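Let's take a walk through a protein together. Keep the picture open and turn it around as you read.

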Amino acid sequence: MAERGDQVQKLALVKRVGPYMASIGVHKNGTWAVQKIIDTATNDDQKRVIVENIKQYTPQLLLDQLGNYVVQCCLRFGPSKYESEEASSDAKTRENSSTSASNVDQSKIHLARAASNQFVFDAIHARCWDIAQGRFGARAIRTCLESPHASKLQQKLAAGCPGH
């Protein structure tokens, strides 16, 4: 259903499974199912439901040998490095020319997408000492820092962690 269902079916699946994603994500077979659901989420409603349900468990998931992969799947909800660079050059262009409605709309879309994966970096920053102490947590922090979906600001936030 996650791969072949239409958007309505996918949203229904995400809403139904959402409250259990964290607990399913730490199971050896369940982690694959949750990762598939996250990877196939294409619209903002699906991503929002996923983030709402995983957000509160992010520090614990980052410390788990399987759960950290679930959190890492959510990184793609943010802009890629290419999109970040493109938005940065668009902002410079807007400063040098008159602002048009389409440029403003693109900027808003970029900011909304960046906020979709911000919860991962907020959790790393808030619980950095605990997460960095764990074998899987330290590896997850490194992966998040190296992700093409992490903005420079997010990288600075996570890299500023005293335990890492």
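Is Asp45 buried, partly exposed or exposed? With a relative accessible area of 39%, Asp45 is partly exposed. Anything under 20% would count as buried and anything over 50% as exposed, so 39% falls in between. We'll come back to Asp45 in a moment, but let's first step back and look at the whole thing.

What you have on screen is a predicted model. Its secondary structure comes to twelve helices and zero strands. Start at the N terminus and you'll meet one α element after another: α-α-α-α-α-α-α-α-α-α-α-α. The protein has 164 residues, and buried ones make up 43% of them. Now think about which parts of the chain touch. If you take the contacts between residues at least 6 apart in sequence, 71% of them join residues at least 24 apart.

Back to Asp45, then. Asp45 forms a salt bridge with Arg48, and the closest N and O atoms are 3.8 Å apart. How far apart are these two along helix H4? Arg48 and Asp45 are three residues apart in helix H4 (residues 44-54), so about one helical turn separates them. Arg48 is partly exposed too, with a relative accessible area of 41%.

You can find a similar pairing in helix H11 (residues 135-146), where Arg142 and Glu146 sit four residues apart, about one turn of the helix. Their side chains meet in a salt bridge, at 3.9 Å from N to O. Arg142 counts as partly exposed at 42% relative accessibility, while Glu146 counts as exposed at 57%. Salt bridges can also link up by sharing partners, and that is how Asp45, Arg48 and Glu52 are joined into one network.

How many salt bridges turn up in a search of the whole structure? The search finds six. One of them is made by the side chains of Glu3 and Lys36, at 2.9 Å from N to O. Glu3 lies in the segment before helix H1 (7-17) and Lys36 in helix H3 (residues 30-39), so this pair ties together parts that are 33 residues apart in sequence. Both ends are partly exposed: Glu3 has 49% relative accessibility, and Lys36 has 36%.

Right next in the sequence comes another residue worth a look. Ile37 is also found in helix H3. Is Ile37 buried or exposed? Ile37 is buried, with a relative accessible area of 9%. Not counting residues up to four places away in sequence, Ile37 touches Ala2, Leu13, Val14, Val17, Met21 and Ile50. Take Leu13 from that list: Ile37 and Leu13 are 24 residues apart in sequence, yet their C-alpha atoms are 8.5 Å apart in space.

Now see how two of the helices pack. H1 and H4 meet at an angle of about 10°, with their axes 9 Å apart. An angle under 35 degrees counts as roughly parallel, so that is what we call H1 and H4. On the H1 side, the contact is made by Gln7, Lys10, Leu11, Val14 and Lys15, and on the H4 side by Asp45, Gln46, Val49 and Ile50. There's our Asp45 again, this time as part of a helix contact.

Stay in H4 for a little puzzle. Lys47 lies in this helix, and Lys47 is buried yet has no salt bridge. Which side chain of opposite charge is nearest to Lys47? That would be Asp44, 4.8 Å away. A salt bridge needs the nitrogen and oxygen within 4 Å, so this pair doesn't make the cut. Leaving aside neighbours within four places in sequence, Lys47 is in contact with Ala41, Thr42 and Phe77.

There's a database note for this part of the chain as well. An unreviewed UniProt entry lists residues 16-52 as "repeat: Pumilio". Over residues 16-52 the chain is 70% helix and 0% strand, and the end C-alpha atoms are 13 Å apart.

Let's finish further along, at Asn68 in helix H6 (residues 67-73). Asn68 is buried, with a relative accessible area of 1%. Apart from neighbours within four places in sequence, Asn68 is in contact with Leu61, Leu62, Phe136, Arg139 and Ala140. Looking the other way along the chain, Thr31 is 37 residues from Asn68, and their C-alpha atoms are separated by 9.6 Å.

Key:
Residues numbered from 1 in each chain as written. Predicted model: local features only at pLDDT ≥ 70, side-chain atom pairs only at ≥ 80, totals over all residues. Heavy atoms only, no water. Buried < 20%, exposed > 50% of the residue type's maximum accessible area, 1.4 Å probe, protein only. Contact = heavy atoms within 4.5 Å. Lys, Arg positive; Asp, Glu negative; His and termini not counted. UniProt positions renumbered as here; feature names shortened; annotations may be inferred. Axes fitted to C-alpha atoms, helices over the stretch in contact; angles between N-to-C directions. Parallel < 35°, antiparallel > 145°, perpendicular 65-115°, else oblique.
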